[in-house]
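Me: I should like a close look at one part of this structure, namely the annotated binding site. Please describe its residues and their surroundings, and then place the site within the rest of the chain.

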Amino acid sequence: MSVYNFSILDHQMMSIALKLAKKGQYTTSPNPNVGCVIADDNGVILGQGWHHKAGTPHAEVHALAQAGTLSSGATAYVTLEPCSHFGRTPPCADALIQAGVKRVVAAMVDPNPTVSGNGLKRLAEHGISVSHGLMREQAQQLNRGFIKRMTLGLPWVTVKLAASLDGKTALANGTSQWITSPAARTDVQIQRAKSCAILSGSGTVLADNPSLNVRYAELGEAKKSINESELRQPLRVILDGKNQLTDNLKMFDLEGQTLVLNRLHNPVIRDSVEQIQVASVGNKLDLNAMLIALAKKQLNEVWVEAGGMLAGALVQQNLVDELILYQAPKLIGDKGQNLFVMDELTQMQQAKMLQWSSVRMVGDDIKMVAQFK
Ligand code: AOF
Ligand code: ZN
């Protein structure tokens, strides 16, 4: 199995497969985003497809169906190793073998332990020329949540914050509507739509009575790339270590499911809202145990929209992968609320270290993305 020596044509085909895979980014979870291109040696595309939704055909099956008998002797470019198992659908490796493809190029090996190399092995055993590693970083970026859940049993955690130029998330009295511009808030809607869950704390929820859902009507251009019938609402997850939640919250009446994580079952909340009890540390929920519980529920990407207390606690316990900060050109003074409530540091070496990955304007605001080291 070679991991190098890919031609320009191979790169072109795989970049099309990656674009196809991206089309599933609002709908495939808990499954990964996967794209497939079937082409002949001259780069003529015979079939293409992407995975839409768990339980429906995988990318390869769509591409093979389109190519029909032309698949015989062709090359299949797949952004993820073809599966070898009978899951909700039969193995794609078998479908490729039956179709008579002569070569399979995968961007990355499937981190799912039930596949993990077995798909490529099966193809090779049937005399198919197999290679992987072409545009691997791009493929991994697309499925970072799926990879983290499969390899570490934890979801990918992104903390979103909106702040004034002087780094405050709300006035001292809790008012935060609105710090950022409508364009930044639309961008948040797009990010929510890509997430499996939106996480918040009971303090924020009781203070703001938020919807914590995706308002597809506000998605603008991005909405065009989503198939209406496949629209989903991320799971709302509310941490309620002190059983403070009441039943009269707006979100309970909205479309989409809500999950409450607490120490003890809260009898006040209606039965249609799922509750899971999580271990605690002192009088606080064990945040690592909380994330393990979310991964067990097959959530790949968790989008955190919480106050400084929860954001600070997650950061302090090294549970955050990425930070997205929308910063408005607005000064609200030093009495406002802070981004991260954390224990006092006494040495600069104790600082939590991040690395910027992008900075751009969104409407009137700046969107900064950083990853934790
Ligand atoms: C592929 N092509 O397009 C996808 C794959 O429950 P199932 O049958 O949908 O299987 C889900 C698993 O299959 C998923 O965890 C991952 O390992 C693999 N996804 N494989 O060959 C695809 N979506
Ligand atoms: Zn498959």
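Reply: What follows begins with the annotated site and then moves outward to the rest of the chain. The model is a predicted one, and the values below are computed from it.

The UniProt record, an unreviewed entry, places a feature named "binding site" at His58, Cys83 and Cys92. These three positions are spread over 35 residues of sequence, yet they cluster in space, with a largest C-alpha distance of 9.0 Å.

His58 is found in the loop that runs between β2 (45-50) and α2 (59-67). Is His58 buried or exposed? A residue counts as buried when 20 or more other C-beta atoms lie within 10 Å of its own; His58 has 27 such atoms within 10 Å and is therefore buried. Setting aside residues up to four places away in sequence, His58 touches Val34, His51, Cys83, Thr89 and Cys92. Cys83 and Cys92, both listed among these contacts of His58, are also the other two positions of the annotated site.

Cys92 belongs to helix α3, which covers residues 92-99. Because Cys92 has 31 C-beta neighbours inside 10 Å, it too counts as buried. When neighbours within four places in sequence are left aside, the residues in contact with Cys92 are His58, Glu60, Val61, Pro82 and Cys83. Cys83 thus appears among the contacts of His58 and among those of Cys92.

The ligand comes next. Ligand 1 is surrounded by 18 residues, of which the closest are Val34, His58, Gly87, Arg88 and Asn112. His58 is therefore one link between the annotated site and the ligand shell, being named in the "binding site" feature and among the closest residues to ligand 1. Val34, also among those closest residues, is one of the residues that His58 touches. By residue class, the shell around ligand 1 comprises 9 nonpolar, 6 polar and 3 charged residues.

On the scale of the chain, UniProt places "domain: CMP/dCMP-type deaminase", again from an unreviewed entry, at residues 8-131. This span is 32% helix and 18% strand, and its end C-alpha atoms lie 15 Å apart. A separate domain assignment divides the chain into domain 1 (8-143) and domain 2 (153-372). The centres of the two domains, taken over C-alpha atoms, are separated by 34 Å. Their contact takes 8 residues from domain 1 and 9 residues from domain 2. On the domain 1 side, the contacting residues divide into 2 nonpolar, 4 polar and 2 charged.

Helix α6 occupies residues 144-152, and its buried residues are Gly145, Phe146, Ile147 and Arg149. The elements that cover them include α5 (136-142), β6 (156-164), α10 (287-296) and β14 (301-304). Just after α6, Gly153 adopts a positive phi of about 70°.

Further along the chain, strand β10 (residues 258-262) is mostly covered, with 4 of its 5 residues buried. Strand β9 (residues 235-240) runs parallel to β10 and is joined to it by 5 bridges; Arg236 has Thr258 in β10 as its bridge partner. Strand β11 (residues 274-277) also runs parallel to β10, through 4 bridges, and here Val260 has Gln275 in β11 as its bridge partner.

Note on methods
Residues numbered from 1 in each chain as written. Chains lettered and ligands numbered in written order. Predicted model: local features only at pLDDT ≥ 70, side-chain atom pairs only at ≥ 80, totals over all residues. Buried ≥ 20, exposed ≤ 12 C-beta atoms within 10 Å, placed from the backbone. Helix = DSSP H or I, 4+ residues; strand = E, 2+ residues; numbered from the N terminus. Pairing = 2+ DSSP bridges. Near = placed C-beta within 6 Å. Nonpolar A, V, L, I, M, F, W, Y, C, P; charged D, E, K, R; others polar. UniProt positions renumbered as here; feature names shortened; annotations may be inferred. Contact = placed C-beta atoms within 7 Å. Domains from an automatic or database assignment.
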